[in-house]
There are 2 protein chains.
Amino acid sequence: MDNFTYCTPTKYIFGKDAEMQAGTELRRLSLNNVLVCYGQGSVIRSGLLQRVLSTLENEHIAHTELGGIEPNPTDPKVREGIGICRSKGIDGILAVGGGSAIDTAKAIAAGVPYDGDFWDFWAGKATVEKALPVGVVLTIPAAGSEGSGNSVITLLDGMHKISLRTDFALRPKFALMNPELTFTLPPAQTAAGIADMMAHIFERYFSPTADVEITDRVSEGVLTAIIEEAPKVMANPTDYEARANIMWSGTLAHNGICGTGRKEDWVSHFMEHELSAVYGVTHGAGLAVILPAWMTFMAHHSPCKGAQLSRRVFGVTGLEGNDTGAALEGISRLKTFFKSLGLPVTMEELGIKDPDIDLLVKKLHENKGDEIGGYYRLRSPQTTEIYNLAR
Amino acid sequence: MDNFTYCTPTKYIFGKDAEMQAGTELRRLSLNNVLVCYGQGSVIRSGLLQRVLSTLENEHIAHTELGGIEPNPTDPKVREGIGICRSKGIDGILAVGGGSAIDTAKAIAAGVPYDGDFWDFWAGKATVEKALPVGVVLTIPAAGSEGSGNSVITLLDGMHKISLRTDFALRPKFALMNPELTFTLPPAQTAAGIADMMAHIFERYFSPTADVEITDRVSEGVLTAIIEEAPKVMANPTDYEARANIMWSGTLAHNGICGTGRKEDWVSHFMEHELSAVYGVTHGAGLAVILPAWMTFMAHHSPCKGAQLSRRVFGVTGLEGNDTGAALEGISRLKTFFKSLGLPVTMEELGIKDPDIDLLVKKLHENKGDEIGGYYRLRSPQTTEIYNLAR
């Protein structure tokens, strides 16, 4: 087991009516003037935004709205938010939405007290030392950003989609999580979120670090729960219990508990980020395409962890001594599972008929370096092979 | 799933030499004058205390020692600590040890800023609103106190052993966890710690709340890891990887992650606390005796959760439709596991030849009320039956 430091100070308030605690939680943080970030209007149409804002008004907390944040959020909205915060003396940020709203809120929070350009953090030129406090009302269980210190932003100039990872600085102070808010998610968005949270576990599970049984077993437990609960939310979107299990699983998948004590991988995310940046696909759907391709490559080059996953999570038996065979059988079951949720498992099913794989590979290694991957090191010939496996 | 609030702000620094960060972590908290709590001298003999104190000296942090804390810690030592802190203007506490040192540190931390008697909190007469910050150098993986907001203290007058549970106030600010520090634990203490951490999961797993699949699966994962790693630490006390897995499992067993979203039980702990208070037995060894007895009662009155545990964790198969049978088979395997660690599974094996069960039952319900238990409600006839099952 590797040495590690782990701290998850986010206060999770989970359950019915959780969003109604926004005002009191902001007040507890002594915030008086907040920026409220949200997406493309569903939080207005559902009445959620108004309910949340009423709790701020009850606490006499001034607020400015920053709506219109798009999926795969980009730098102009971050710059707009930073400008508003500086001009209005904003002292905290409340994100109402999913990963895009939260990641934008975090980027603004990091940028406001920083003298240079906020992209310096994403470009690896600076480290986030301080940030405005961020709170979250979660509406989409997927990105896990409500419990992570991470933020993924795309720089429009060059379409660079980059994930910034911080240990503490950008972890939300609180996350208000009401499973009922997810009842109205479209099936495709629910399914993409499930693929995203599973990917967050796979990226940590496929690790070169040996002897981390406790972290493996916790990871396998979260995966098993997701696989059991996912069909229920697809069949009955208003199944509170199943929605609650999926929502909390999405947080545990990405708040770090599935990664303690080991090196992580993250190649599938890197490869998907190029798909999203170039073709504008939904992140979770892109992951459902990339993950099986990446795992197939691994089944032939380093099958051990895939075989363990197959045997412990996908119930593969009878292939003792044949790790590649066991890993491939698990991948087949994973694809069947993704398809049962209505997810694509090939680029063609994702709507990319003739992918420009040379471009994807070029951008991937430009953004992430010549050699990538924690579980197994990959250079452009290998990443080309994986993109081709995903066609 | 029940509504819940969950926040674990403790910063875990895990791995080799972790204890050497005591000074810098205390400095990060702006502490200048700390009380250092420890037990009966093993930390002196091993040289650990001197190593830790040297890191305080490097940071010019003044310190006063409070040694001699006994297993099943009692109120006089807490009162002594409170007195020292007040007279010396102590601003924080560092516990170096296991649950007894940590729980005493927490009790002192709660008592110092409180006007009344510290026992008011344990007696349910007051709520901990503020406390001195507590840091931990962990030497015994067992109680889970390094990551919990709980503290168990015995009031000598009447031998009332009571657990105080706080959400946030008494959670340590940091926990330094070096698995190497556990290499020298005697086998009986290692084994008792393993029983204790398993009990912390069972107390949460046996819940009347339905549909908490994610929390069940995480709990089963931690239990499975413990069962796999325990034989390794017993066979080879200096197996770093196995010690690391057990140490982190002990934290996850009790920092709340195995309890989110559901009502918990805690009867086995309550019943064991009376055994410890009356007969002075080691807490973990007492739990190894009480747990199978409690589970046996449940197998006959509410077998569902025990049957699930048997099937998912102990690999019991072939008893479909027979939950009582499956639960009993799992209990048999649990007893075999405890015995394989050298633990007692009856009061007689624990050295209590002729238990005064009437006294145990009387004190249990005096301390905890006429009706106890989250999973299944028990009054004195039932608790008498369980103590008798444990003879």
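## A sheet shared by two chains

In this predicted model, 12 strands build one open sheet with mixed pairing. Its order is E3(A)-E2(A)-E4(A)-E5(A)-E8(A)-E1(A)-E1(B)-E8(B)-E5(B)-E4(B)-E2(B)-E3(B). The edges are held by strand E3 (62-66) of chain A and strand E3 (62-66) of chain B. Each has a single partner strand, so one side of each lacks a neighbour in the sheet. On average, neighbouring strands are turned by 25° against each other, direction ignored.

Two pairings in this sheet are set out below.

| Strands | Sense | Bridges | A facing pair |
|---|---|---|---|
| E1(A) and E1(B), residues 4-14 | antiparallel | 7 bridges | A:Tyr12 and B:Tyr6 |
| E2(B), residues 33-38, and E4(B), residues 92-97 | parallel | 5 bridges | B:Val34 and B:Gly92 |

The E1(A)-E1(B) pairing joins the two chains: the strands run antiparallel. Within chain B, E2(B) and E4(B) pair in the parallel sense.

**Symmetry.** How do the copies relate? A turn of 180° with a shift of 0.0 Å along the axis lays chain A on chain B, with an RMSD of 0.0 Å. The two copies are thus related as by a two-fold rotation axis. Of the residues of chain A, A:Pro9 comes closest to that axis, its C-alpha lying at 2.0 Å.

**Interface.** Contacts link 35 residues of chain A with 35 residues of chain B. On the chain A side, strand E1 (4-14), helix H8 (213-235) and helix H9 (240-252) each supply at least two residues. H8(A) gives the largest share, 11 residues. By class, this side of chain A has 16 nonpolar, 10 polar and 9 charged residues. Of the interface residues of chain A, 100% are also interface residues in chain B, so the copies meet through the same surface.

**A helix pair in chain A.** Helix H7 (residues 187-205) and helix H11 (residues 283-301) of chain A have axes that come within 7 Å and cross at roughly 55°. That angle makes H7(A) oblique to H11(A). The crossing is left-handed. H7(A) contributes A:Ala192, A:Gly193, A:Ala195, A:Asp196, A:Ala199 and A:Phe202. These meet A:His283, A:Gly284, A:Ala285, A:Leu287, A:Ala288 and A:Leu291 in H11(A). By class, the contact has 8 nonpolar, 3 polar and 1 charged residues.

Note on methods:
Residues numbered from 1 in each chain as written. Chains lettered and ligands numbered in written order. Predicted model: local features only at pLDDT ≥ 70, side-chain atom pairs only at ≥ 80, totals over all residues. Pairing = 2+ DSSP bridges. Helix = DSSP H or I, 4+ residues; strand = E, 2+ residues; numbered from the N terminus. Axes fitted to C-alpha atoms, helices over the stretch in contact; angles between N-to-C directions. Least-squares fit on C-alpha atoms with pLDDT ≥ 70 in both. Contact = placed C-beta atoms within 7 Å. Parallel < 35°, antiparallel > 145°, perpendicular 65-115°, else oblique. Left-handed = near helix turned anticlockwise from the far one by under 90°. Nonpolar A, V, L, I, M, F, W, Y, C, P; charged D, E, K, R; others polar.
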